[in-house]
Amino acid sequence: SVLSCINLPQILATGLEILQISCKSIAFGRTEVIDNTLNPDFVRKFVLDYFFEEKQNLRFDNCDLPSLFCLPQSFLGQTFCTLGEIIGSSGSRLERVLSGIPGKKCGSIIFTAEELSNCRDIATMQLCANKLDKKDFFGKSDPFLVFYRSNEDGTTVKVDVYDWDRDGRYAVLNPKKKGRKKKYVNSGTVTLLSFKVESEYTFVDFIRGGTQLNFTVAIDFTASNGNPSQPTSLHYMNPYQLNAYAMALKAVGEIVQDYDSDKLFPAYGFGAKLPPDGKISHAFPLNSDCENANCVGIEGVLEAYYDCLRKVQLYGPTNFAPVINQVAQCASEVTDGSQYFVLLIITDGVISDMVQTREAVVTAASLPMSVIIVGVGPAEFDAMEELDGDEVRVSSRGRAAERDIVQFVPFRDYIDRSGNQVLSMARLAKDVLAEIPDQLLSFMKSRGIEPRPALSPSPTPQINVHL
């Protein structure tokens with residue numbers, strides 16, 4: 001991470017302190033001090049471990065550090081952000097206004113991030129061997145190869161050929177016969193038939209290249225959730241704390257939103273009777289706008305959810321296929337790698353349309369799309385495991401899903417015993433989102449899509465940003 005500031009107030013010298021914020025603030029590091037400038041471009045860089053599935057909160061404090069160290073540090077402003085916001089911004093460059101001094105402009109701070117990694121090239125080789133020494137008493141050899149890279153730059157590769165024995169002992173197929181036999185030539189040959197080097201791209205490569213995560217929410221409004229006006233209901237609107245649906249929505253949404261530039265999120269409900277005629281719907285917009293289901297920000301989704309609870313009648317059944325197909329239709333229109341769709345389904349019961357849902361998942365698996373299912377409440381969710389293809393890939397009518405795109409978890413496994421909702425949400429998000437980067441990469445690789453060059457942010461006057 002590279003840091004710069006612009007338009008700071010009049011100062012003698014300036015320095016920045018970075019704090020990682022989780023349950024408590026922990027000082028991570030400080031920049032160098034730059035004298036007599038209102039637009040410092042700090043040289044020192046900071047290395048942080050990045051985890052997509054975690055909300056990594058950061059705080060930045062700007063201080064005037066006079067040359068007379070007997071004077072106290074002078075606070076010049078601060079700002080907060082998450083590491084995900086920096087990574088997810090255009091070109092991984094984020095500008096934030098410094099604040100904290102009432103009635104005074106504190107200037108701005110600019111963050112620039114890049115991924116540090118070792119060589120990501122993958123070498124694929126095809127080899128064959130001929131006329132190897134016979135090493136076994138009965139039968140021929142059971143050869144295998146051991147590769148050694150002898151130089152740091154990888155320019156020289158040594159290959160040893162061994163014979164495998166059941167007792168664990170290994171016999172070299174090329175023993176030192178030359179010293180004993182004058183006419184000895186070799187113990188066989190190994191031929192390199194083909195050699196191919198491919199670059200392995202990362203999730204961050206695609207995000208820096210402009211790939212957006214489109215987040216969609218689908219909420220279960222079936223009657224099994226209970227009357228929302230009663231405290232026993234899973235939809236109960238407690239004025240003092242979030243219900244399980246709101247917690248799951250906020251836990252996942254607040255992380256994914258950092259990778260969506262417009263912060264507009266389609267939000268749907270299913271399994272309810274809608275006014276005025278009581279028609280049952282399995283993909284109705286929470287904001288009641290059939291032309292545009294987008295809500296502004298995660299808070300906008302929560303507001304639409306609460307408002308919808310007051311208008312609709314909880315009913316049933318629990319059908320997933322309609323909303324999966326709706327998001328899949330959107331995903332099918334953008335398959336060039338510029339967008340990847342993430343659908344969060346929050347439900348309290350067993351799926352009623354499992355046959356149709358399996359078909360929908362198999363179809364969606366060939367699209368830039370992932371499905372997260374969070375089960376809330378005490379119900380048994382054994383049938384849901386069928387959709388989470390970690391062990392056995394989902395199939396429908398003899399057709400197997402191209403990729404594993406579904407992650408299912410019961411929320412009760414992540415609830416903190418002490419009642420700490422923040423901790424419960426962090427645990428949930430960490431588990432359900434952990435597979436998204438690999439699922440995105442699996443789609444891109446299957447389609448031969450490479451990340452675009454990192455987006456160049458619009459230049460900012462009075463500053464040079466160095467990576």
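I count a residue as buried when its relative accessible area is under 20%. Cys81 comes out at 4%, so I put it down as buried. One caution before I go on: this is a predicted model.

**Entry: cysteines**

I went looking for disulfides and got a count of zero. For the record, a disulfide is a covalent bond between the sulfur atoms of two cysteines. I also looked up Cys128, which has 29% relative accessibility and therefore goes down as partly exposed. So my notes have Cys81 as buried and Cys128 as partly exposed.

**Entry: salt bridges**

How many salt bridges does the count come to? I got 13. I picked out a few to follow up.

I started with Lys430 and Glu54, whose side chains meet in a salt bridge at 3.5 Å, N to O. Lys430 belongs to helix 7 (residues 421-432), while Glu54 sits in the loop between strand 4 (34-35) and strand 5 (57-64), so this pair ties together parts 376 residues apart in sequence. I then checked accessibility for both partners. Lys430 is partly exposed at 44%, and Glu54 is partly exposed too, at 27%.

Then I moved to Lys55, which pairs with Glu254; their closest N and O atoms are 3.0 Å apart. Lys55 is in the loop between strand 4 and strand 5, and Glu254 is in helix 3 (residues 244-256), so here the parts being tied together are 199 residues apart in sequence. Is Glu254 buried or exposed? I found a relative accessible area of 18%, so Glu254 is buried. For Lys55 I noted 42%, which makes that residue partly exposed.

Glu254 turned up again with another lysine. The side chains of Lys250 and Glu254 form a salt bridge at 3.9 Å, N to O. Both residues lie in helix 3, four residues apart, or about one turn of the helix. Lys250 has 21% relative accessibility and is partly exposed; the cut-off for buried is under 20%, so Lys250 misses it.

Which residues do the shared partners join into one network? I wrote down Lys55, Lys250, Glu254 and Glu299.

**Entry: nonpolar surface patch**

Next I turned to the surface. I found a nonpolar patch made of Met125, Leu127, Phe147, Val157, Val159, Val190, Leu192, Phe195 and Val197, and together they have about 730 Å² of accessible area. Strand 9 (121-130), strand 11 (157-164) and strand 13 (189-199) are the elements that each give two or more residues to this patch.

Which strand gives the largest share? I have strand 13 down for that, with four residues. I looked at Val197 as an example from strand 13. Its relative accessibility is 48%, so I logged Val197 as partly exposed.

**Entry: negative surface patch**

I also found a negative patch on the surface, formed by Glu380, Asp382, Glu385, Asp390 and Glu391. I took Asp382 for a closer look. Where does Asp382 lie? I placed it in the loop between strand 22 (369-375) and strand 23 (395-396). Asp382 has a relative accessible area of 60%, so I marked it as exposed.

**Entry: recap**

My short list for later has the network of Lys55, Lys250, Glu254 and Glu299, the nonpolar patch with its largest share from strand 13, and the negative patch that includes Asp382.

Note on methods: Residues are numbered from 1 along each chain as its sequence is written. This is a predicted model: local features need pLDDT of at least 70, side-chain atom pairs count only at pLDDT 80 or more; totals for chains, interfaces and linings use all residues. Side-chain values use heavy atoms; hydrogens and water are left out. Patches are made of residues with over 30% relative accessible area and no salt bridge: like charges are joined within 9 Å, nonpolar side chains (Val, Leu, Ile, Met, Phe, Trp, Tyr) within 5 Å. Accessible areas come from the Shrake-Rupley method with a 1.4 Å probe; for residues, only the protein chains shown count as cover. A salt bridge is a side-chain nitrogen of Lys or Arg within 4 Å of a carboxyl oxygen of Asp or Glu. Buried means under 20% relative accessible area, exposed over 50%, partly exposed in between (1.4 Å probe, protein chains only). Lys and Arg count as positive and Asp and Glu as negative; His and the chain ends are not counted. The place of a charge is taken as NZ of Lys, CZ of Arg, CG of Asp or CD of Glu. A disulfide is a pair of cysteine sulfur atoms within 2.5 Å.
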